[in-house]
Amino acid sequence: MFKALILQAQHNLSDALMEFMIRDRLSCMRFLGLSLGDRTPDENTIRHFRNRMTETGTLKRVMKAFDWQLQKKGNIPMSGQIVDASLVPAPKQRNTDREREAIKAGKSAEEIWPDEPNKAAQKDRGARWTLKIGGKVRYREDGTPLPMIALPVFGYKSHIGIDRRYGFIRAMAVTSASTADGRLLRRVISTDNIGSEVWADSAYRSQSNEKWLGDTMLTSRIHRKKPMGKPMPRATARTNAQKSSIRAHVEHVFAHQKNRFGLFIRTIGLARAEAKLALANPAYNLDRLIFHERRRAMA
C-alpha cells in the first residue's frame with residue numbers, strides 16, 4: 001500500500017486513477033508485488049490507508065526512517081544546507097467577503113455554512129491567496145525599473161531544506177501560501193548536517209533569524225537585501241551572485257517535483273496537503289538516490 005502511495009505521488013494520480021493503473025499496467029503490478037489473479041486495492045482503500053497514516057503521524061516517521069537509511073548507505077548530510085519554499089496550487093475557492101473574514105477568523109466550515117453541509121465539506125479553509133512576484137528585473141531607457149509581474153496563486157507553500165552535498169530533502173514543512181518564508185527557517189533546518197553553512201534567499205534574512213543561526217553555531221549565507229531607496233552596492237551584489245550559484249540547487253528539487261511529478265494539491269485542508277507533500281518529498285529522494293547509485297556504478 002505504501003508503494004502505491006509512492007507511485008501516486010510520482011505520477012500525480014488521483015485515487016480513482018491509481019486504482020485503474022494498478023489493474024491496467026503490468027509494470028505497476030510488478031512494482032507492488034501483485035500477480036494477475038491477486039485482489040487489488042480500490043480507491044477507497046487507498047484513501048483510507050493514506051488518511052490513517054496521516055492521522056497517526058506515520059508519514060512523518062517514514063520520512064525520518066528513510067533519511068536514516070540514506071545515512072546508513074553513506075549519504076550523510078554534509079557541506080551545509082539550502083533552504084527555500086515554493087508555492088503549490090490548489091483548486092480555487094470563490095467566497096464572499098463575509099465568508100473570507102470568517103475563514104481568516106478561524107471559524108470552522110460548519111459554523112460558516114451551517115445550512116449547507118455539502119458546500120461546507122468542499123470548502124478548503126487551509127489554503128490562502130498570495131501574489132507570486134517573479135521574473136528578471138527589466139529597466140527603461142532612463143534606467144528606472146519596470147513594474148514586476150505579479151501572479152495571484154491560491155494554495156499552499158512547501159518549505160524544504162536540502163543538504164548541499166547530495167541534494168536530499170532532509171526537513172520539510174507545509175503552510176498556507178500566504179505564510180512568510182522567514183518564519184519557517186527554524187523548522188526546515190536539520191541538526192544532522194555536519195556543515196555549519198546555511199544558504200537561503202533574502203526572504204529569510206531578519207535579525208531574529210540571524211541571531212538564532214549565530215546562537216546555534218550556524219554560519220549564515222543568506223542573501224542580503226537591497227537598501228531601501230538606494231541601489232544595490234557592488235560588493236553586496238557580487239556576494240549575492242556567489243551565494244546564488246549554490247542556492248540555485250534547491251530550485252532543481254521544485255522543478256523536478258512540478259515538472260515530472262506534476263505537483264498539485266487536490267485534497268481539502270492543511271493536514272491532507274501536508275500528507276500529499278510528505279509523500280512527494282520521499283518520492284523525490286528515491287529518484288535522487290537512484291541518480292547517485294547510477295553515477296557511482298558508472299564511475
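The following dialogue works through a predicted model of one chain and the reasoning behind the terms applied to it.

Trainee: What does the chain contain, and what does its C-alpha trace span?

Mentor: The chain has 12 helices and six strands. Its C-alpha trace spans about 70 × 60 × 40 Å along the principal axes. Of its 299 residues, 42% count as buried.

Trainee: Why is valine 198 called buried?

Mentor: A residue counts as buried when its relative accessible area is under 20%. Valine 198 has 0% relative accessibility, and therefore it counts as buried.

Trainee: Where is valine 198 found, and which residues does it touch?

Mentor: Valine 198 belongs to strand β5, residues 197-200. Setting aside residues up to four places away in sequence, valine 198 touches Gln81, Val83, Ile189, Leu213, Leu218, Thr219, Ser220, Arg221 and Ile222. One of these contacts, with Thr219, can be set beside a C-alpha separation: valine 198 and threonine 219 are 21 residues apart along the chain, and 6.1 Å separates their C-alpha atoms.

Trainee: What share of contacts in the chain join residues at least 24 apart?

Mentor: Among contacts between residues at least 6 apart in sequence, that share is 62%.

Trainee: Why is glutamate 19 called buried or exposed?

Mentor: The limit for a buried residue is again under 20%. Glutamate 19 has a relative accessible area of 14%, so it is buried. This residue is found in helix α2. Apart from neighbours within four places in sequence, glutamate 19 is in contact with Pro41, Asp42, Glu43 and Ile46. By contrast, glutamate 19 and tyrosine 139 are 120 residues apart in sequence and 52 Å apart in space, C-alpha to C-alpha.

Trainee: How do you know that the reach of helix α4 is close to the expected value?

Mentor: Helix α4, residues 43-55, has 13 residues. The expected span is 1.5 Å times one less than the number of residues. For α4 the expected value is 18 Å, and the helix reaches 18 Å from its first C-alpha to its last, so the two are close.

Trainee: Which residues of α4 are buried, and what makes them line one face?

Mentor: The buried residues of α4 are Ile46, Arg50, Asn51 and Met53. Viewed down the helix axis, the buried residues fall within an arc of 160°, and so they line one face of α4. The face turned away from this buried side carries the exposed residues Arg52 and Glu55.

Trainee: What covers the buried residues of α4, and what follows the helix?

Mentor: The cover includes α1 (2-11), α2 (15-24), α5 (58-72) and α12 (270-298). After α4 comes glycine 57, whose phi is positive, near 75°.

Trainee: Why does leucine 279 count as buried or exposed?

Mentor: Leucine 279 lies in α12. Its relative accessibility is 4%, against a limit of under 20% for a buried residue, so leucine 279 counts as buried. Beyond residues up to four places away in sequence, leucine 279 touches Phe2, Leu5, Ile6, Ala9, Arg50 and Leu59. Arg50, one of those contacts, is also among the buried residues of α4. The C-alpha atoms of leucine 279 and glutamine 207 are separated by 34 Å, with their positions 72 residues apart along the chain.

Trainee: What is the volume of the largest pocket, and what lines it?

Mentor: The largest pocket has a volume of about 1200 Å³. It is lined by 30 residues, of which Ile133, Gly134, Met148, Asp201 and Ser202 lie nearest its centre. The elements giving two or more residues to this lining are β1 (81-89), β2 (128-134), α10 (234-247) and α11 (249-259). The largest share, five residues, comes from β2.

Trainee: How do the lining residues of the largest pocket divide?

Mentor: They divide into 12 nonpolar, eight polar and 10 charged. Gly134, one of those nearest the centre, counts as polar because glycine is placed in that group.

Trainee: How much space lies in the second largest pocket, and which residues are nearest its centre?

Mentor: The second largest pocket holds about 560 Å³ of space. Of its 26 lining residues, Lys60, Met63, Lys64, Ala171 and Met172 lie nearest the centre. Two or more residues come from each of α4, α5, β4 (169-176) and α12. Helix α5 gives the largest share, eight residues. The lining of the second largest pocket divides into 12 nonpolar, seven polar and seven charged residues.

Technical notes. Residues are numbered from 1 along each chain as its sequence is written. This is a predicted model: local features need pLDDT of at least 70, side-chain atom pairs count only at pLDDT 80 or more; totals for chains, interfaces and linings use all residues. Side-chain values use heavy atoms; hydrogens and water are left out. Helices (H or I, at least four residues) and strands (E, at least two) are DSSP runs, numbered from the N terminus. Buried means under 20% relative accessible area, exposed over 50%, partly exposed in between (1.4 Å probe, protein chains only). The arc is that of the directions from the helix axis to the C-beta atoms. Contact means heavy atoms within 4.5 Å. On a 1 Å grid over the protein atoms alone, a cavity is a set of points where a 1.4 Å probe fits but cannot get out, and a pocket is an open set with protein on both sides within 12 Å along at least five of seven lines; lining residues have an atom within 4 Å of a point. Grid points are joined across faces, edges and corners, and a volume is the space filled by probe spheres set on the points.
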